[in-house]
Structure formats: C-alpha cells, structure tokens
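Me: Please take a close look at a single part of this structure and tell me how that part sits among its surroundings. I am new to this structure.

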Amino acid sequence: MTTPAEPHRNTLSDMELRVLALEKLLIDKGYVEARALDLLIDTYEHRVGPRNGAKVVARAWVDADYRARLAADATAAIAEFGYTGRQGEHMVALFNEPGVHHLVVCTLCSCYPWPVLGLPPAWYKSAPYRSRAVIDPRGVLADFGLELPAQTELRVFDSTAELRYLVIPTRPAGTDDWSPEQLAELITRDSMIGTGLPLFPDSAPGAALPPPSPAPAP
Ligand code: FE
C-alpha cells in the first residue's frame, strides 16, 4: 500500500461546522424537513456522483486515447467531462487488470473524490473499514461479497486530503458492442472504490441492452 504523502483532514472545517449548525437551525424552526435533506444527500451519494465516475470509466473502456490520458493525468482527463472542484483537484486512476485489483481507503478520515463519486458512503467513513481495509483487505472484500482468486494481487491505496483515487475496473466480458452509455449502467460506485465489481451485462438494472436481432419472418 502507499504511504500517505499528504496530511489527512480529521476535523470539521469552519464551513462544515457552519453548515451543520445551519441545518440544525432550519430543521428546528421547521423550514426544512430532515427527510428532504436525506433525499438530497442520497441523490448525491447514489445518483449524481457515481454516475459521473461511471462515465469516466466507460470512456476509458472504449477509447484507448482517453485511457492513456487518464493514466497520464487523471485530473486533466476527468476535467474533460467538466468534473472538477473540491476533493478532486489531484486525481489518480488505478487500473484493474486480470490478476490485479485495487482497493481505496482513507485510513484516517474520509478523503474521497467528490466530483466523480459524490459523497462517501457511511461505511467508507467507519473505523472498521478504515482499519480493516489495510489489515485484512480480503476479509473486507468478503464482507462485500467479493471473493477474488487467491492469485490475484490486491493493492490497497490510502487516500489523502490532496490525492484521491478512482478505480477503473476491468470491462465485463460480453460487452463488445455496447455504447459508453450502456456500459456506464454496469459501473457501480463500489466498483470504483474497489469493494465491488461492475455488474454482469445480464444483471444491470435498466441497462439498455443492444437491440435484439429482428425476429425471423414467419
Ligand atoms: Fe484522509
């Protein structure tokens, strides 16, 4: 695993404290509903954020030139999509390949690439994940239902406040004719953290499969 080269951020900033105080005030006074805020957060955790990363990964799967740019300077390649900003200023893409799997953690806090993955899931910030991802990464993956072949090398990367990682999973077999939009449906948030794999082509929820062959004429 890598050695953190930059300091971690393990305290709330003034702005975050202000946001929390404002949120509590608005809820207490009845101006906003906690449920509405939860929905908003869920949107960024599960929909908007990871959909950005999925577009980056899908492009890397279909476009060799883009893949090379992503490997050379992930921050710039991701910015081609307009995905820039806080927590995404210094991105590194970690390319899975047959026999090599990457897992990302922030051992001290919750450093996470917001522009491409949104807000970190609760488990990513939990002490058990942060410690066990380093001590027993295969056990962590097993908890997620992911069993890698014993011969697969597992590389754990520790995020820092200045360096964020995006795992580029391997492209599922049987998707040769798929468009980037179709491929993006297979790419889960967890597959871009390393705690999961992309969906199989036939299990993608709502995945627009290639149009079926026309039925033979009667
Ligand atoms: Fe951190």
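Reply: What follows is about strand β4 and the core around it.

This is a predicted model, in which local features need pLDDT of at least 70 and side-chain atom pairs count only at pLDDT 80 or more, while totals for chains, interfaces and linings use all residues. Residues are numbered from 1 along each chain as its sequence is written.

Strand β4 covers residues 164-168; strands (E, at least two residues) and helices (H or I, at least four) are DSSP runs numbered from the N terminus. Five of the five residues in β4 are buried, and buried means that 20 or more other C-beta atoms, placed from the backbone, lie within 10 Å of a residue's own. In a regular strand the side chains alternate between the two faces of the sheet. Here Arg-164, Leu-166 and Ile-168 point one way, and Tyr-165 and Val-167 point the other way.

β4 runs parallel to strand β1 (residues 91-95), and five bridges join them; two strands pair if DSSP finds at least two bridges between them. Tyr-165 in β4 is the bridge partner of Val-92.

The largest nonpolar core has 39 residues, and Leu-166 and Val-167 are among those that touch the most other members, along with Val-57 and Ile-187. Such a core is a set of buried Ala, Val, Leu, Ile, Met, Phe, Trp, Tyr and Cys residues joined through C-beta atoms within 7 Å. Helix α2 (residues 34-62) gives the most to this core, with six residues.

Not counting residues up to four places away in sequence, Val-167 touches residues including Leu-94, His-102, Val-104 and Ile-193, where contact means C-beta atoms, placed from the backbone, within 7 Å.

Conventions. A residue is buried if 20 or more other C-beta atoms lie within 10 Å of its own, exposed if 12 or fewer, and partly exposed in between; C-beta atoms are placed from the backbone. Two residues are in contact if their C-beta atoms, placed from the backbone, lie within 7 Å.
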